[in-house]
Amino acid sequence: MRTYVWLGPLALLGACTDVPSEPPLDRVDLRRAIGAEQVDPVGVAIAANGARYVLDEQRGLYRLEGESATAIVPMANLPPPAEPIRLPVTDLVALAPDVFALTAIGDGFLLDTSALTLTQHFCYEPEGFSSGLVQRTDALTFDAEADRIYAQPVTYDQDGRFQNSQLAVYDRDTGTDIAWHDLDDSVAATGMTLIPDVGLVLGQGSRLLRFDAASARTVPGEDLARFGVRSIDGLVVDATHGTLVVVDGDTNELVEIELAQLAL
């Protein structure tokens, strides 16, 4: 589970909410799948062919098949990009066969697992960004229809004190930033996805937050605590099966929930 100096009130909503327990569709123990006592999952992705992937901050990229995982690119084998990567890696999304966008401090990268290349592709830090500040995003997703990458940068000073929260939109092909939206100070998402007929949805603590494009604000939504989710550390929709797949960084599990069960 990831640790932060500042989380904001919304991050804590799921921790103390007294809600009925409801079993999810499926639950996979990532420690057992990866074969390690200690794991640190920070993202989940589903490729166009339905293959599922989990990104572990310390161990790298794995492909999941049922309840087992196969290492695709271990962190030790992560290719060095021309633009230095500032670890840790924080989230990923599948863009094309064997191509993923992943985030680190300040920058987004393209990882090609077939060519085994890593290239800097988009940047959170605008021109003139103060050297005394740090931007980190733990929430990333891709809109294939609009060909847009979404990231949710949060800015901190060097002592880890929160400064501001934003939503950034990038062109998939060029990595050029297209739009920036200022979000409420309480928003520091740790997962993000696009849900059909709902739109952009962020995850924080155990709660989903819907991004309202008209007002550029987030609206509190479903609390996944009722499915046993404690900490959303990755989100993706499986369109084929009509499910929401969640990485729970607290329990180190992959939790799958039917979209029809959610009030969005």
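Here is a short chat about a sheet and some salt bridges in this predicted model.

Visitor: Let's start with the open sheet of 4 strands: what order do the strands come in?
Guide: This sheet is an open one, and its strands pair in the antiparallel sense. Going from one strand to the next, the twist averages 25°. Read across, the order is β2-β3-β4-β5.

Visitor: Which are the edge strands?
Guide: An edge strand here is one that pairs on one side only. That picks out the strand at 41–46 and the strand at 68–74. Their names are β2 and β5.

Visitor: How many bridges join strand β3 and strand β4?
Guide: Strand β3 covers residues 52–56, and strand β4 covers residues 60–65. Within this pairing, L55 stands opposite L61 of β4. The two strands run antiparallel, and the count of bridges is 5.

Visitor: Now for salt bridges: how many does a search of the whole structure find?
Guide: Some of them join up, as E22, E222 and R226 do in a network. Searching the whole structure gives a total of 14.

Visitor: R52 forms a salt bridge with D238, so how many residues apart in sequence are the parts it ties together?
Guide: The closest N and O atoms of R52 and D238 are 2.8 Å apart. R52 belongs to strand β3, while D238 belongs to strand β18 (residues 232–238). So this pair ties together parts whose separation in sequence, in residues, is 186.

Visitor: Is D238 buried or exposed?
Guide: Buried means under 20% relative accessible area. Its partner R52 meets that cut-off at 16%. D238 has a relative accessibility of 4%, so D238 counts as buried.

Visitor: What about D159, which meets R161 in a salt bridge: is D159 buried or exposed?
Guide: The N to O distance between D159 and R161 is 3.2 Å. R161 has 48% relative accessibility, so R161 counts as partly exposed. To be called exposed, a residue needs over 50%. D159 has a relative accessible area of 56%, so D159 is exposed.

Visitor: Back to the network of salt bridges: which residue is linked in it along with E222 and R226?
Guide: E222 and R226 form a salt bridge, with their closest N and O atoms 2.9 Å apart. E222 is buried at 9% relative accessible area, and R226 is buried at 16%. The remaining name in this network is E22.

Methods:
Residues numbered from 1 in each chain as written. Predicted model: local features only at pLDDT ≥ 70, side-chain atom pairs only at ≥ 80, totals over all residues. Heavy atoms only, no water. Pairing = 2+ DSSP bridges. Axes fitted to C-alpha atoms, helices over the stretch in contact; angles between N-to-C directions. Salt bridge = Lys/Arg side-chain N within 4 Å of Asp/Glu carboxyl O. Buried < 20%, exposed > 50% of the residue type's maximum accessible area, 1.4 Å probe, protein only.
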